[in-house]
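Work through the exercises below with the sequence and the structure at hand. Try each task before reading its solution.

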Amino acid sequence: MKCHEVDFEIFGDDMQTVEVELDPGETVIAEAGAMNWMEEGVSFEAKMGDGSQPDRGLMGKLLDAGKRAVTGESLFLTHFTNQGRGKKRVAFSAPYPGKIIPLDMNKMGGELICQKDAFLCAALGTRVSIAFNKKLGAGFFGGEGFILQRLQGDGMAFVHAGGTIVEKQLNHETIMVDTGCIVGFSPGIDYDIQRAGNLKSMFFGGEGLFLATLSGQGTVFLQSLPFSRLADRIIAHAPSAGGTAKGEGSLLGGIGRLLDGD
């Protein structure tokens, strides 16, 4: 199915929103709960499946929904359609700070492999499925990188990532990356897991026991602040989770740091 041709505009800097412009009859699909606002004339409906294969039967749709459940995502995608006259707009954003990456899938070779929670929205016709890494090492030790999403199509798709986004072009090169810092990569990139140095580095280096290796020829998107890393820092300082709340710059914060040895 050929993707709908949608226009878009991205607003903001570190907490971005993408506003998609729909011609009459055009549709954009999005993760449940990603919508911020929409203009009158846009209707929405939660559907089981991405709509890229409209002739697929109920069992096929149930299979797709089951695969999405494996990734921890909602069983449904929300379809937003311009039912009015003239152009209408609908906006989406992710639930945590970061950047939105607009992807012309046609220029990406029609496919992108990305982290399971990176997908935000896309033009109708984009296929959203999962991609298991075939290598046992990546499967057992890949963390966030074990179960990946596969986006396929020839239209616009939008993924979200935390912190600063870096796009790297590999030309038969290899880079080593923290598994959580990978946003996505094109099909020409090979993904594997390697041990992070010697035993001392693995246990005391703070970089985790294993690192991802990305090699080959193609495009790699990296993020500076994975949500898992941000969440770990928040939990570590939350009193309800056993952490210590420190009031930076306050008298009580200073006393607390003296008592706990900081």
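**Exercise 1. Confidence.** What is the mean pLDDT of the protein chain, and what percentage of its residues reach 70 or more?

*Solution.* Start with the source: this is a predicted model. The mean pLDDT of the chain is 80. Of its residues, 71% reach 70 or more. Next, look for weak stretches. Over residues 138-142 the pLDDT falls below 50. In the model, this stretch still has 12 contacts beyond near neighbours in sequence. Where pLDDT is low, predicted coordinates should not be read in detail.

**Exercise 2. Lys99 and its partners.** Find the salt bridges that Asp13 and Asp14 form with Lys99, and place each residue in the chain.

*Solution.* Take Asp13 to begin with. Its side chain meets that of Lys99 in a salt bridge, 2.7 Å from N to O. Asp13 sits in the loop between strand S1 (7-11) and strand S2 (17-22), while Lys99 belongs to strand S8 (residues 99-104). The two are 86 residues apart, so this pair links distant parts of the chain.

Now take Asp14. It also forms a salt bridge with Lys99, with the closest N and O atoms 3.4 Å apart. Asp14 lies in the loop between S1 and S2 and Lys99 in strand S8, so the pair ties together parts that are 85 residues apart in sequence.

**Exercise 3. Accessibility.** Are Asp13, Asp14 and Lys99 buried, partly exposed or exposed?

*Solution.* Apply the cut-offs: buried is under 20% relative accessible area, exposed is over 50%. Lys99 has 18%, so Lys99 is buried. Asp13 has 48% and is partly exposed. Asp14, at 47%, is also partly exposed.

**Exercise 4. Glu39 and Arg89.** Which elements hold Glu39 and Arg89, and how many residues apart are they?

*Solution.* Check the bridge: the side chains of Glu39 and Arg89 meet at 3.8 Å, N to O. Then locate the ends. Glu39 is in the loop between strand S4 (35-38) and strand S5 (42-47). Arg89 is in strand S7 (residues 88-92). They are 50 residues apart, and the pair links distant parts of the chain. Finally, read the accessibility. Glu39 is partly exposed at 31%, and Arg89 is partly exposed at 31%.

**Exercise 5. The wider picture.** How many salt bridges does a search of the whole structure find, and which residues are linked in a network?

*Solution.* The search finds nine. The network links Glu19, Glu21, Asp23, Glu39, Lys87 and Arg89.

Technical notes:
Residues numbered from 1 in each chain as written. Heavy atoms only, no water. pLDDT = per-residue confidence, 0-100. Contact = heavy atoms within 4.5 Å. Salt bridge = Lys/Arg side-chain N within 4 Å of Asp/Glu carboxyl O. Helix = DSSP H or I, 4+ residues; strand = E, 2+ residues; numbered from the N terminus. Buried < 20%, exposed > 50% of the residue type's maximum accessible area, 1.4 Å probe, protein only.
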